[in-house]
Amino acid sequence: MVKNLKIDCVIVTYNKLSLLKECIKSIQTQQLQNIFVIDNNSNEDTYQYLEIEKKRDSRIIPIHLTKNLGGAGGFNRGIRTFFEKSESDYVWVLDDDTIANPNSLEKLIKPLDQIENVGFLASNVRWTNGAPSIMNVPALSNNWNQYSQKGYLQIKTASFVSVLFPRYVVYEVGLPISDFFIWCDDTEYTSRITKAGFKNYFVSESCITHKMAQNVGIDIKKENNKSRITRYFLRNRNSLFMFKELGGVKQVIKELYRQMRTVIKLIFSKSTLKWFKIITLLKGTILGLLFNPKIEKFPKS
């Protein structure tokens, strides 16, 4: 069955041309029908490269957006395009700084011959030195080790760095939330799939490299770049909505406690741009309690 699957790929890019080139080159030898590249209004060089590349490889289908919709909006558009414009069975979602091994996809789809009711399959994401990519570690399910002897760990969430979704799952749960812009869009979407009753797996043999500049976690106290600090507004806002939607009152209270604890720690810290960080976080928390974005779903036939 696996050999006959029709699989598309969605890549979202924004002004990372050299990495995008490497990403596309790394997947062109793999079992793909279409490669949808969502260009989030990048510079002219990206536009020109994609227009030339589609003539060399007819599978490459650039979608040039007129404004930057963020990663969330880009993946929303890409998965919608897969669902509406293609007849493929699965969509493989990648960041533009994801570099696949020659057999990454072949290894990623192996569980489909052995396990039913799969919601998504996630690759083993590594940094450039081979260490686990800290930002892309999936959350394990309670019965995570059911298929561990095969190298498949059951998980609840995964990142959009390298994850495979079946068409029937997209039909059932809809699309990632475009209004998130960035942050939590992948966690919310994969959590939504888990809540819908599907089983999801980390595939240890499907290794890919995430070429981030640094292999670091999330810590606003250490941020010195003002433009990056503003993103933490989105983290607080989006995560509160996610827990309201998927977790219930207890999870919302737990998340509020985490957010307030971070603010209190900042107050008593010597962190750079301390008060800008505190105001950013509080704005995200307040608006998160009111935030109610639309979850787009497809009409049931």
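In which helix is Leu290 found? Leu290 belongs to helix 10, which spans residues 274–290. The model described here is predicted.

## Strand 2 and its surroundings

Strand 2 covers residues 35–39, and because five of its five residues are buried, the strand is largely enclosed by the rest of the structure. Its side chains are divided between two directions: Ile35, Val37 and Asp39 point one way, while Phe36 and Ile38 point the other way. Residues on both sides are buried.

## Parallel pairing and crossovers

Strand 1 (residues 7–13) runs parallel to strand 2, and five bridges join the two. Within this pairing, Cys9 stands opposite Ile35 of strand 2. Between these strands the chain passes through helix 1 (residues 17–27), forming a β-α-β crossover that is right-handed.

Strand 2 is also joined by five bridges to strand 3 (residues 60–64), again in a parallel arrangement. Here Val37 has Pro62 of strand 3 as its bridge partner. The connection from strand 2 to strand 3 leads through helix 2 (residues 44–56), and this β-α-β crossover is likewise right-handed.

## A nonpolar patch involving helix 10

A nonpolar patch of about 540 Å² lies on the surface and is formed by Met260, Leu282, Ile286, Leu287, Leu289 and Leu290. Helix 10 supplies the largest share of this patch, with five residues.

Leu290, one of the patch residues, has a relative accessible area of 66% and is therefore exposed, the cut-off for that class being over 50%.

Note on methods. Residues are numbered from 1 along each chain as its sequence is written. This is a predicted model: local features need pLDDT of at least 70, side-chain atom pairs count only at pLDDT 80 or more; totals for chains, interfaces and linings use all residues. Side-chain values use heavy atoms; hydrogens and water are left out. Buried means under 20% relative accessible area, exposed over 50%, partly exposed in between (1.4 Å probe, protein chains only). Helices (H or I, at least four residues) and strands (E, at least two) are DSSP runs, numbered from the N terminus. Two strands pair if DSSP finds at least two bridges between them. A crossover is right-handed if, with the strands pointing away from the viewer, the path from the first strand over the helix to the second runs clockwise. Patches are made of residues with over 30% relative accessible area and no salt bridge: like charges are joined within 9 Å, nonpolar side chains (Val, Leu, Ile, Met, Phe, Trp, Tyr) within 5 Å. Accessible areas come from the Shrake-Rupley method with a 1.4 Å probe; for residues, only the protein chains shown count as cover. A salt bridge is a side-chain nitrogen of Lys or Arg within 4 Å of a carboxyl oxygen of Asp or Glu.
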